[in-house]
Amino acid sequence: MDIAPGRQIGGDQPCFIMAHIGQNHQGNLDAAKRMIRAVKESGADCAKLPKCEIESKFNRRALERPYTSPNAWGPTYGEHKRHVEFSHDQWRELKRYAEEEVGVLFAGSAADEASVDFLVDDLKR
């Protein structure tokens, strides 16, 4: 079965390895790009990030609650989440970078319905 042009899975094909970067980039696009390059250098087939449309996943009360973790990127949970989530344009840039410059597949794992729509309808193009 073809999972991407030139890459098959199943049967006698080698294991398909997807590296989950998570939010270890801490909202920094350059850090995410370095991690994507590391995915390629590690021999993995695909770099994956979590995708969340914050306003769709969380209600106003959740976003406004204080966030006092020592690792917080803002005084509220909403500000923290907005810091670590990439914009749609940044997602497009990461996909272009991964697939065109680095030569590794790029994917996202959706945390809500709006993210599914973005990943399927927009980012897949």
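# Close-up views of the predicted chain

**Figure 1. Surroundings of Phe106.** Leaving aside neighbours within four places in sequence, Phe106 is in contact (heavy atoms within 4.5 Å) with Ile36, Cys46, Ala47, Leu49, Trp91, Leu94, Lys95, Ala98, Glu99 and Leu123. The model is predicted, so local features need pLDDT of at least 70 and side-chain atom pairs count only at pLDDT 80 or more, whereas totals for chains, interfaces and linings use all residues. Residues are numbered from 1 along each chain as its sequence is written, and side-chain values use heavy atoms, with hydrogens and water left out.

**Figure 2. The largest nonpolar core and another core.** The largest nonpolar core has 19 residues, and those that touch the most other members are Ile36, Val39, Leu49, Trp91, Leu94 and Phe106. Two or more residues of this core are given by each of helix 1 (29–42), strand 4 (46–51), helix 5 (88–102) and helix 6 (113–123). Helix 5 supplies the largest share, five residues. Another core lies apart from the largest one; this other core has five residues, including Cys52, Ile54, Leu63 and Tyr77. A nonpolar core is a set of buried Ala, Val, Leu, Ile, Met, Phe, Trp, Tyr and Cys residues joined through side-chain atoms within 4.5 Å. Buried means under 20% relative accessible area, exposed means over 50%, and partly exposed is in between, with a 1.4 Å probe and protein chains only. In soluble globular proteins, nonpolar side chains tend to be buried together.

**Figure 3. Thr76 in a loop between two helices.** Thr76 sits in the loop that joins helix 3 (60–64) to helix 4 (77–84). Helices (H or I, at least four residues) and strands (E, at least two) are DSSP runs, numbered from the N terminus. Thr76 counts as buried because its relative accessibility is 17%. A polar atom of the Thr76 side chain lies 3.5 Å from the backbone oxygen of Leu63. Not counting residues up to four places away in sequence, Thr76 touches Leu63, Glu64, Arg65, Pro66 and Tyr67.

**Figure 4. Asp45 and its polar contact with Arg7.** Asp45 is placed in the loop between helix 1 and strand 4. The side chains of Asp45 and Arg7 make a polar contact at 3.2 Å. A polar contact is a pair of N or O atoms within 3.5 Å; within protein, one must be able to donate a hydrogen and the other to accept it, and residues adjacent in sequence count only if both atoms are side-chain atoms. With residues up to four places away in sequence not counted, Asp45 touches Arg7, Cys15, Phe16, Ile17, Val104 and Leu105.

**Figure 5. Backbone of Gln26.** Gln26 lies in the loop between strand 3 (18–20) and helix 1. Its phi is near 55°, a positive value in a residue other than glycine. Most residues other than glycine have a negative phi, and most peptide bonds are trans. Gln26 counts as partly exposed because its relative accessibility is 44%.

**Figure 6. Lys33 and Met35 in helix 1.** Lys33 belongs to helix 1 and is buried, with a relative accessible area of 16%. In sequence Lys33 and Tyr97 are 64 residues apart, while in space they are 7.4 Å apart, C-alpha to C-alpha. Lys33 touches Glu93, Leu94 and Tyr97, not counting residues up to four places away in sequence. Met35 is also found in helix 1, but at 25% relative accessibility Met35 counts as partly exposed. Outside its neighbours within four places in sequence, Met35 is in contact with Ile21, Asn24 and His25. The C-alpha atoms of Met35 and Lys124 are separated by 21 Å, and these residues are 89 residues apart along the chain.

**Figure 7. Met1 at the start of the chain.** Met1 is found in the segment before strand 1 (2–4). Met1 counts as exposed because its relative accessibility is 71%. Leaving aside its neighbours within four places in sequence, Met1 is in contact with Arg7, Gln8 and Ile9. Between the C-alpha atoms of Met1 and Glu101 the separation is 25 Å, with these positions 100 residues apart along the chain numbering.

**Figure 8. The whole chain, for orientation.** The chain has six helices and five strands, which run β-β-β-α-β-α-α-α-α-β-α from the N terminus on. Its C-alpha trace spans about 50 × 25 × 25 Å along the principal axes. Of the 125 residues, 37% count as buried. Among contacts between residues at least 6 apart in sequence, 65% join residues at least 24 apart.
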